[in-house]
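This report is an introduction for a reader who has not met this structure before. Please look over the sequence and the model shown here before reading on.

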Amino acid sequence: MFNPVKYLRNRKVGVALGSGGAKGLAHISVLEFLKAEGVPIDMISGSSIGAVIGALFCIGAMESYRDSILSMDWKEFIKLVDPVFPRTGLVEGKKLRAFLERYIPEHTKIEALPIPLAVVATDYYTGKPVIFTSGNLLDALRASIAIPGVFTPVKFGSSLLIDGGVANPLPIDVLERMGAGLKIAVNLHPSLPKRRFARSVKKEMEKSREGDATDLKTVDGSDEVVPHKGALWQLANFLEKRKKKKEGVSEREINIFDIIAQSVDIMEYMNTQMILRVYKPDVVIEPDLIGMPTLDFTRAAWALAEGREACRKARGQIVRKIKLWV
């Protein structure tokens with residue numbers, strides 16, 4: 001049936017790729033899925049890792065990047081780290097830039113890409129997002145991925161630029177300014193499934209009531225004992241066990257990278273929830289990567305698999321809200 005509304009509507013499709021470190025490898029699966037489904041991608045906005053994957057897609061190098069990441073082990077990733085005296089960051093980022101140059105020619109201009117791309121960074125002094133739609137692509141990407149405390153900031157005129165996820169972890173609004181009529185957002189910081197989560201918490205709380213509130217309980221099987229802390233302590237303990245079970249890794253001492261990455265993750269989660277309340281995309285794709293460490297790129301296969309699974313779950317929305325209108 002002929003639908004005149006379809007032809008009056010702005011049918012340009014934009015994809016917003018969110019920040020999230022290694023979680024962002026899931027963006028690869030999402031873009032591959034959209035391409036396979038025949039969804040046209042007319043423009044991309046990306047923050048941090050989202051900007052990197054978006055750039056690789058626009059330049060046609062995403063598949064070779066994916067294959068390289070899948071074949072790399074931890075030792076190879078360590079070689080990309082160039083520590084510096086920690087005045088403004090722990091890592092200089094020159095080796096990482098050199099790695100990206102394998103896929104993105106050094107003098108590539110953003111405005112010359114076949115697909116319009118917006119790269120989001122954050123002004124350190126004002127806290128406002130800085131949007132690159134022109135200029136050197138590698139320079140913009142280096143600024144966009146400058147995780148505070150990990151990578152040194154990038155000088156930009158009289159200012160300094162840091163990770164785009166600080167100011168705008170899911171740049172849906174940028175797509176609107178670029179002229180997108182249909183918007184797909186890939187959120188790497190989804191909220192927890194409330195009902196299932198609530199049932200799990202309730203079950204754990206019921207277990208905690210079985211003992212006397214004045215009992216001493218052993219923490220993590222060690223000899224140290226602490227008084228029973230009640231419901232809040234039980235909830236915190238439950239969440240920690242749930243996270244470790246999800247990660248499938250043994251307990252270890254956290255380090256400075258963990259602290260920084262987790263702090264940024266929390267900030268990006270809160271900001272993303274606010275963004276989604278204000279800027280409502282047509283489709284939201286949310287890979288379940290809550291247990292994936294932000295800086296652990298050795299788990300690429302997991303991120304890619306979760307990206308594909310998230311697309312499978314969102315396929316109905318994609319067909320109904322995007323494919324029928326383009």
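The text below goes from the whole chain to its salt bridges and then to two single sites.

**Whole chain**

The model is predicted. The protein chain contains 13 helices and twelve strands. It has 326 residues, of which 47% count as buried. About 17,200 Å² of the protein chain is exposed, and carbon and sulfur atoms supply 56% of that area. Among contacts between residues at least 6 apart in sequence, 75% join residues at least 24 apart.

**Salt bridges**

Eleven salt bridges are present in the structure. The table gives three of them, with the N to O distance for each pair.

| Pair | N to O distance |
|---|---|
| Arg315 and Glu37 | 3.2 Å |
| Asp67 and Arg66 | 3.1 Å |
| Asp173 and Arg177 | 2.9 Å |

The side chains of Arg315 and Glu37 meet in a salt bridge. This pair links distant parts of the chain, with the two residues 278 residues apart. Arg315 belongs to helix 13 (residues 300–321), while Glu37 sits in the loop between helix 2 (26–36) and strand 2 (43–47). Arg315 has a relative accessible area of 38% and is partly exposed. Glu37, by contrast, has a relative accessible area of 18%, so it is buried, the cut-off being under 20%.

The bridge between Asp173 and Arg177 lies within one element, helix 9 (residues 172–178). Because these two residues are four apart in that helix, about one helical turn separates them. Asp173 is buried at 13% relative accessibility, whereas Arg177 is exposed at 60%. Elsewhere, salt bridges that share partners join Glu32, Arg66 and Asp67 into one network. Within this network, Asp67 bridges to Arg66, and Asp67 counts as partly exposed at 42% relative accessibility.

**A buried residue and a surface patch**

Which residues does Asp265 touch, leaving aside those up to four places away in sequence? Its contacts are Lys23, His189 and Thr294. Asp265 is part of helix 12 (residues 256–278). With a relative accessibility of 13%, Asp265 counts as buried.

On the surface, Trp74, Ile78 and Val81 make up a nonpolar patch. Together these residues have about 280 Å² of accessible area. Trp74 is located in helix 5 (residues 74–78). The relative accessible area of Trp74 is 47%, and this residue is partly exposed.

Methods:
Residues are numbered from 1 along each chain as its sequence is written. This is a predicted model: local features need pLDDT of at least 70, side-chain atom pairs count only at pLDDT 80 or more; totals for chains, interfaces and linings use all residues. Side-chain values use heavy atoms; hydrogens and water are left out. Buried means under 20% relative accessible area, exposed over 50%, partly exposed in between (1.4 Å probe, protein chains only). Contact means heavy atoms within 4.5 Å. Patches are made of residues with over 30% relative accessible area and no salt bridge: like charges are joined within 9 Å, nonpolar side chains (Val, Leu, Ile, Met, Phe, Trp, Tyr) within 5 Å. Accessible areas come from the Shrake-Rupley method with a 1.4 Å probe; for residues, only the protein chains shown count as cover. A salt bridge is a side-chain nitrogen of Lys or Arg within 4 Å of a carboxyl oxygen of Asp or Glu.
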